[in-house]
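User: I've got this model open and want to know what backs up the labels people put on it. Could you take me through the reasoning?

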Amino acid sequence: MINVKIVLTGGAGFIGMHLAGRLLNEGHRVIIIDSLHSYYPSERKKHHLEVINFPMNDFHKVDLLDREAIKAIMKKIRPDAVIHLAALPGVAYSIEEPLKYVDYDIKATINILEACGEAGTGRFLFASSSSVYGDKPGAALKEEDADGKTVSPYAASKWSAESFCHMYAGMYGLKLNIMRFFTVYGPWARPDMAIPKFIKKSMKGESISIFGADSGRDYTYIDDIVEGIHLTLLHGRNGEIYNLGSGREVKMLRLLEILQSSFPSMKLDFTDYRLGDVLSTHSDLSKAMNHLNYSPKTTIEEGLKKTIQWAESNEKFL
Ligand SMILES: NC(=O)c1ccc[n+]([C@@H]2O[C@H](COP(=O)([O-])OP(=O)(O)OC[C@H]3O[C@@H](n4cnc5c(N)ncnc54)[C@H](O)[C@@H]3O)[C@@H](O)[C@H]2O)c1
């Protein structure tokens, strides 16, 4: 892949900044469309762009809900590929404000798909989520295990957005891949997520609320997700859905045990499950391994070490 023009929606966010940095380093032209939504501070999102030294001429502060503006931008840019990361994330907030997820995760996706179709974009990658599997503890989840039986408005919106991706890809002949990320963490991770929250509270000596001690997650280090997206762009087969995870489930008590080795006086407050949360997630990566040669490298121990090192030198951003 040499010097392609790629639009990243949501490129000022956590995953977007890391992906943009990698693509820029490889010499691609990266154009970011991001509204700097206030789900978490927009100042921090601006800082993400500074950290990667993003060329601000290629940054468009636009809301994907502005259908005409998005169509005009896409017709002007005419990118080779679009990686659609922009969304309102977070399971807990989606229980409080379900209609916002219909806007930001469904309607916004329709607008960018339509704009891509009209601009003649060849390639479309959609950032979906392991949450579309719903609550299916036990065996590792294969792509075909998703059946629409979701348990949060966030997950239902992602599932619906996936369906719109298939529909518009057919209508406009877009080459489509859907990527289902499993709990991503690392430097600059979103402040509402468990790992950054646990680290921040431990650094401040505050008590951590644990919702469900027997839960488990397939925590995926950011560099592995960026590699997975990159491989999908290079080798993804048309219309395929790929799980991108670590392929390992880490139980909550094990996660806390690893964190305790850095924060021995960590204070824990065990409470019940939150509505919308699933018991466990665990990805089956065979398809991504076979089609893309995807092979996540970072163990939870290494990933947490790097994340804690980052947090210690960026305390004001936590
Ligand atoms: N982080 C994870 O663990 C995880 C797991 C599964 C799926 N995902 C998905 O990956 C994507 C990126 O997640 P993230 O963790 O980097 O989140 P993030 O909130 O850090 O990034 C999302 C970005 O999208 C932008 N945005 C939101 N709505 C927009 C709109 N209407 N128009 C323009 N910009 C808009 C936000 O300003 C933000 O910068 C999301 O689609 C998310 O649902 C993330």
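Analyst: Sure. Let's start with a term: a nonpolar core is a set of buried Ala, Val, Leu, Ile, Met, Phe, Trp, Tyr and Cys residues joined through side-chain atoms within 4.5 Å. Keep in mind that this is a predicted model.

User: Which residues touch the most other members of the largest nonpolar core?

Analyst: That core has 63 residues, and the ones touching the most other members are Ile15, Ile83, Phe181, Ile229, Leu244 and Leu255. Take Ile229: leaving aside neighbours within four places in sequence, Ile229 is in contact with Ile15, Leu19, Ile83, Leu125, Met179, Phe181 and Leu244. Apart from this core lies another one of 29 residues, including Val62 and Ile77.

User: Why does Leu244 count as buried?

Analyst: Buried means under 20% relative accessible area. Leu244 has 0% relative accessibility, so Leu244 counts as buried. You'll find Leu244 in strand E11, residues 241-244. Leu244 and Ser262 are 18 residues apart in sequence, with 28 Å between their C-alpha atoms.

User: And what makes Ser129 buried?

Analyst: Same kind of check. The cut-off is under 20%, and Ser129 comes in at 7% relative accessibility, so Ser129 counts as buried too. Ser129 belongs to strand E5. Leaving aside neighbours within four places in sequence, Ser129 is in contact with Tyr154, Lys158, Met179, Arg180 and Phe181.

User: What makes the side chains of Ser129 and Ser131 a polar contact?

Analyst: The distance limit for a pair of N or O atoms is 3.5 Å. The two serine side chains make their polar contact at 2.8 Å, so the pair is within that limit.

User: Now the ligand. Which polar atoms of the protein lie 2.8 Å and 2.9 Å from a nitrogen atom of the ligand?

Analyst: At 2.8 Å from a ligand nitrogen there's a polar side-chain atom of Asp63. At 2.9 Å from a ligand nitrogen there's a polar backbone atom of Leu64. Taken alone, the ligand exposes 820 Å², and the protein buries 98% of that.

User: What is the shell around the ligand made of?

Analyst: Its residues divide into 17 nonpolar, seven polar and five charged. Of the 29 residues around the ligand, Asp34, Tyr40, Leu85, Tyr154 and Val184 come nearest. The largest share of the shell, three residues, comes from strand E5.

Methods:
Residues numbered from 1 in each chain as written. Predicted model: local features only at pLDDT ≥ 70, side-chain atom pairs only at ≥ 80, totals over all residues. Heavy atoms only, no water. Near = heavy atom within 4 Å. Polar contact = N/O pair within 3.5 Å; in protein donor to acceptor, adjacent residues only side chain to side chain. Areas by Shrake-Rupley, 256 points an atom, 1.4 Å probe, with all protein chains shown as cover. Helix = DSSP H or I, 4+ residues; strand = E, 2+ residues; numbered from the N terminus. Nonpolar A, V, L, I, M, F, W, Y, C, P; charged D, E, K, R; others polar. Buried < 20%, exposed > 50% of the residue type's maximum accessible area, 1.4 Å probe, protein only. Contact = heavy atoms within 4.5 Å.
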